[in-house]
Amino acid sequence: RKEKNKPIETTIRYLCTDKAKGVYHVNVSPNKKFMRGKLEFRVSGEQSDVNLPITSVSSKQMEDISICENIVRFTNKVGKKEISLDIRIGYDDYCVLEVNLYEI
């Protein structure tokens, strides 16, 4: 089955909670309700040539989570409400994240 990959307008906020372990807390506020989604993470700015491998994701608002390099696919349990997640990345320094949300 082919993914729709429709971009969803969002407000995204994130905070590095453990630099040594590469842990970030991310809040995603979508402007519409959706069932299945895809979050795409990239490094922004001067470090944009660096791959951003996601090593783990945890969230109470998401289920059926799968990770493939810098993409996290999931089922949305909360509709249009804010989604909070903690991600661990394979990068040992602070970085500016670029996060895009798609409906699939």
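Mentor: Two strands pair if DSSP finds at least two bridges between them. Strands (E, at least two residues) and helices (H or I, at least four) are DSSP runs, numbered from the N terminus. This is a predicted model, where local features need pLDDT of at least 70, side-chain atom pairs count only at pLDDT 80 or more, and totals for chains, interfaces and linings use all residues. Residues are numbered from 1 along each chain as its sequence is written, and side-chain values use heavy atoms, with hydrogens and water left out.

Trainee: In what order do the five strands of the open sheet stand?

Mentor: Strands of a sheet pair through backbone hydrogen bonds, either parallel or antiparallel. In this five-stranded open sheet the pairing is antiparallel. The order is 1-9-4-7-6.

Trainee: Which strands stand at the edges of that sheet?

Mentor: An edge strand here has a single partner strand, so one side of it is left without a neighbour in the sheet. Two strands fit: strand 1 (6-7) and strand 6 (62-68).

Trainee: Which residue of strand 7 is the bridge partner of Met62?

Mentor: Strand 6 and strand 7 pair in the antiparallel sense over five bridges. Ser66 stands opposite Arg73 in strand 7. For Met62, the bridge partner is Asn76.

Trainee: How many of the residues of strand 7 are buried?

Mentor: Buried means under 20% relative accessible area, exposed over 50%, and partly exposed in between (1.4 Å probe, protein chains only). Strand 7 also pairs with strand 4, again antiparallel and over five bridges. It is mostly covered, with the buried count at five of six.

Trainee: What is the order of the four strands in the other open sheet?

Mentor: Its pairing is antiparallel. Its edge strands are strand 2 (10-18) and strand 5 (54-58), each pairing on one side only. The order is 2-3-8-5.

Trainee: Which residue in strand 8 stands opposite Ile54?

Mentor: Strand 5 and strand 8 (residues 83-89) pair in the antiparallel sense over four bridges. Opposite Ile54 stands Ile89.

Trainee: Why is the pair of Phe34 and Phe74 edge-to-face?

Mentor: Rings of Phe, Tyr and Trp (its six-membered ring) pair if their centres lie within 6.5 Å; planes under 30 degrees apart count as stacked, over 60 as edge-to-face and the rest as tilted. Phe34 and Phe74 have ring centres 6.1 Å apart. Both residues are buried. The pair is edge-to-face because its planes stand at 75°.

Trainee: How many residues apart are Phe34 and Phe74?

Mentor: Phe34 lies in the loop between strand 3 (23-30) and strand 4 (36-43). Phe74 lies in strand 7 (residues 71-76). The separation is 40 residues.

Trainee: How many salt bridges does the count come to?

Mentor: A salt bridge is a side-chain nitrogen of Lys or Arg within 4 Å of a carboxyl oxygen of Asp or Glu. Among them is Arg13 with Glu82 (3.1 Å, N to O). Another is Asp93 with Lys19, at 3.7 Å between the closest N and O atoms. The count comes to four.

Trainee: Lys32 and Glu103 also meet in a salt bridge. Does Glu103 count as buried or exposed?

Mentor: Their N to O distance is 2.8 Å. Lys32 is partly exposed, with a relative accessible area of 33%. Glu103 has 12% relative accessibility, so it counts as buried.
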